[in-house]
Amino acid sequence: MIKNIILDVGMVLVDFCWAEVLEKLGITGGDFEAVADATVRTQTWNEYDRSAKPDEELLADLKANAPQYAQQIQLFWDNMSGMIRQYPYTRQWITSLKEKGYRVYILSNYSRRTYTLTREEGLNFLPLVDGTVFSFETCHIKPEKEIYHDLMDRFGLDPKECVFIDDNAANLVYPKELGWSTIQFHDFAQVQAELKAFGVDSD
């Protein structure tokens, strides 16, 4: 029986609007592709989410991916607060799940700096949930096995009572091995239907 709903944040509860930010900053065409390839599309960005290094060092690592675009990367860095936009359904969905007796947890790759920049608006649903594990807190990132155990150990979760919702299929492989139920997020209606198949009333 499912008792615990575990939610990813990016592309599940909030939109990751990095492309929109670049365009608003006037970074378009070839510059857009170059800056994206040096930042959000790199392994370095995963290390940004891990947040094991100081922010200044992480910024230097991003610039080192494309030194000729250091100025544009700095501009993007200075405007990252605009890249998180909460979906309209997020707060009501969590509230509804809680009212029906489910416990709701967050398990997300999320950098320390982005958390600080966006918690007041984009992440204002956090007080509604029962617990969180962010990658910047543990220095583990999905799909590394440790982060899933971090969540289970911190909150004493029984795998058979958990369903995990994430937009990235790779992040669902190990949880399934642990015995969690899993749903790959494509859109809200699809997830609602799949939750019902697990016996979860989430309307």
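1. Helix 11, covering residues 188–197, packs across two strands, strand 6 and strand 7. Against strand 7 the helix runs at about 160°. The model is a predicted one, and the points below should be read with that in mind.

2. Helix 9 (residues 145–155) lies across four strands: strand 1, strand 4, strand 5 and strand 6 (162–166). The angle of helix 9 to strand 5 is about 155°.

3. The strands named above belong to an open sheet of 5 strands with parallel pairing, in the order 5-4-1-6-7. Strand 5 (131–134) and strand 7 (181–184) form the edges, each pairing on one side only. On average, neighbouring strands of the sheet are turned by 20° against each other, direction ignored.

4. Within the sheet, strand 1 (residues 4–7) and strand 4 (residues 103–108) run parallel and are joined by 4 bridges. One residue-level assignment can be checked directly: L7 has I106 of strand 4 as its bridge partner.

5. Two cysteines deserve a separate remark. C17 has a relative accessible area of 4%, so C17 counts as buried, the cut-off being under 20%. C162 is also buried, because its relative accessibility is 0%, again under 20%. Residue 162 is where the range given for strand 6 (162–166) begins.

6. How many disulfides does a search of the whole structure find? The search returns 0.

Notes
Residues are numbered from 1 along each chain as its sequence is written. This is a predicted model: local features need pLDDT of at least 70, side-chain atom pairs count only at pLDDT 80 or more; totals for chains, interfaces and linings use all residues. Side-chain values use heavy atoms; hydrogens and water are left out. Two strands pair if DSSP finds at least two bridges between them. Axes are lines fitted to C-alpha atoms, for helices over the stretch in contact, and angles run from 0 to 180 degrees between N-to-C directions. Contact means heavy atoms within 4.5 Å. A disulfide is a pair of cysteine sulfur atoms within 2.5 Å. Buried means under 20% relative accessible area, exposed over 50%, partly exposed in between (1.4 Å probe, protein chains only).
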